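User: I'd like to learn how to read a few features off a protein model. Could you take me through them one at a time?

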Amino acid sequence: MYSTSLTPNYSVASNNSALGGHLPQRLFSRREVIPPRNDVLWRIERGAVRTLTWSEDGTFVTLGYWGPEDLIGYSFSRVMPYQIECLTSVEVSIVPPHLWHQDVNALLSHIQQAEELLSIVHRKPMSLRIWQFLVWLSEKFGRDVEQGKLIDMNVTHQEISEVLNTTRVTVTRLLQQFEEEGALLRHKRRIILRLPKQLTKL
């Protein structure tokens with residue numbers, strides 16, 4: 001299997017958040033869109049969201065995935081249209097502009113994650129692109145289980161194809177290939193990656 005060295009460390013932002021715990025909070029349900037406000041940032045306390053845009057023909061393009069301690073907001077992007085969609089139930093704190101400078105680590109983390117995902121999108125061949133994306137998700141949203149690392153979020157084949165600029169059919173085929181090779185397992189609607197160090201290529 002492909003190298004798993006692409007393992008970013010985002011703990012700096014989560015461990016050293018300078019923002020206090022007295023910010024107003026809001027709850028959003030799965031598939032709800034976070035309101036398009038430019039006057040605040042949202043710090044995710046619980047749950048997962050994706051940022052996305054779409055083309056004139058309605059094709060969705062996922063721009064990023066974000067989880068606990070990440071800062072998100074419409075001020076981060078000049079892409080139009082731009083939307084923040086909740087992939088799970090989400091709890092956020094509302095961060096006003098006069099506090100943005102207090103959490104530089106989270107702002108830097110946002111940039112680093114966006115650039116890393118962009119680099120994955122341009123990997124070749126497609127099998128490497130999909131595998132590295134799964135590794136990236138497992139580092140961000142995964143937890144260790146007996147069989148490997150569980151990506152604790154339901155990401156559909158269609159959503160993966162939207163991130164990686166490919167077709168849903170290709171995603172399904174390659175995921176089936178990884179499963180047949182023993183590189184991943186299915187658990188209900190989740191994926192478990194098996195990442196032994198000795199597996200360095202397909």
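User: Which residues does E159 touch, leaving out those up to four places away in sequence?

Analyst: A contact means heavy atoms within 4.5 Å. By that rule E159 touches R31, R50, T62, Y65, L87 and N154, with residues up to four places away in sequence not counted. Bear in mind that this is a predicted model: local features need pLDDT of at least 70, side-chain atom pairs count only at pLDDT 80 or more, and totals for chains, interfaces and linings use all residues. Residues are numbered from 1 along each chain as its sequence is written, and side-chain values use heavy atoms, with hydrogens and water left out.

User: Where is E159, and is it buried or exposed?

Analyst: E159 sits in helix 4; helices (H or I, at least four residues) and strands (E, at least two) are DSSP runs, numbered from the N terminus. Buried means under 20% relative accessible area, exposed over 50%, and partly exposed in between, using a 1.4 Å probe and protein chains only. E159 has 4% relative accessibility, so it counts as buried. Its contact R31 is partly exposed at 31%.

User: What is unusual about phi of R31?

Analyst: Most residues other than glycine have a negative phi, and most peptide bonds are trans. Phi of R31 is near 75°, a positive value in a non-glycine residue, and R31 lies in the loop between strand 1 (25-28) and strand 2 (41-46). N165 also has a positive phi, near 60°. N165 belongs to the loop between helix 4 and helix 5 and is exposed, at 64% relative accessibility.

User: Which peptide bonds are cis?

Analyst: One is the bond from M80 to P81, with omega near -5°; P81 is in the loop between strand 5 (71-72) and strand 6 (83-86). Another joins K124 and P125, with omega about 0°, and P125 lies in the loop between helix 2 and helix 3.

User: How many aromatic pairs are there, and how do I read one?

Analyst: A pair of aromatic rings is described by the distance of the centres and the angle of the planes. Rings of Phe, Tyr and Trp (its six-membered ring) pair if their centres lie within 6.5 Å; planes under 30 degrees apart count as stacked, over 60 as edge-to-face and the rest as tilted. The structure holds six such pairs. Y65 and F133 make a tilted one, 6.0 Å centre to centre with 55° between the planes. That pair links distant parts of the chain, Y65 in strand 4 and F133 in helix 3 (residues 126-141), 68 residues apart. Y65 and F133 are both buried. W131 and F178 pair edge-to-face, at 5.4 Å and 75°. Since W131 lies in helix 3 and F178 in helix 5 (residues 168-180), the pair ties together parts 47 residues apart in sequence. W131 is buried, at 0% relative accessible area, and F178 is buried, also at 0%.

User: Which residues form one aromatic cluster?

Analyst: Y65, F133 and W136 do.

User: How does the chain look overall?

Analyst: There are five helices and 11 strands, and buried residues make up 45% of the 202 residues. Among contacts with a separation of 6 or more, 72% are between residues 24 or more positions apart.
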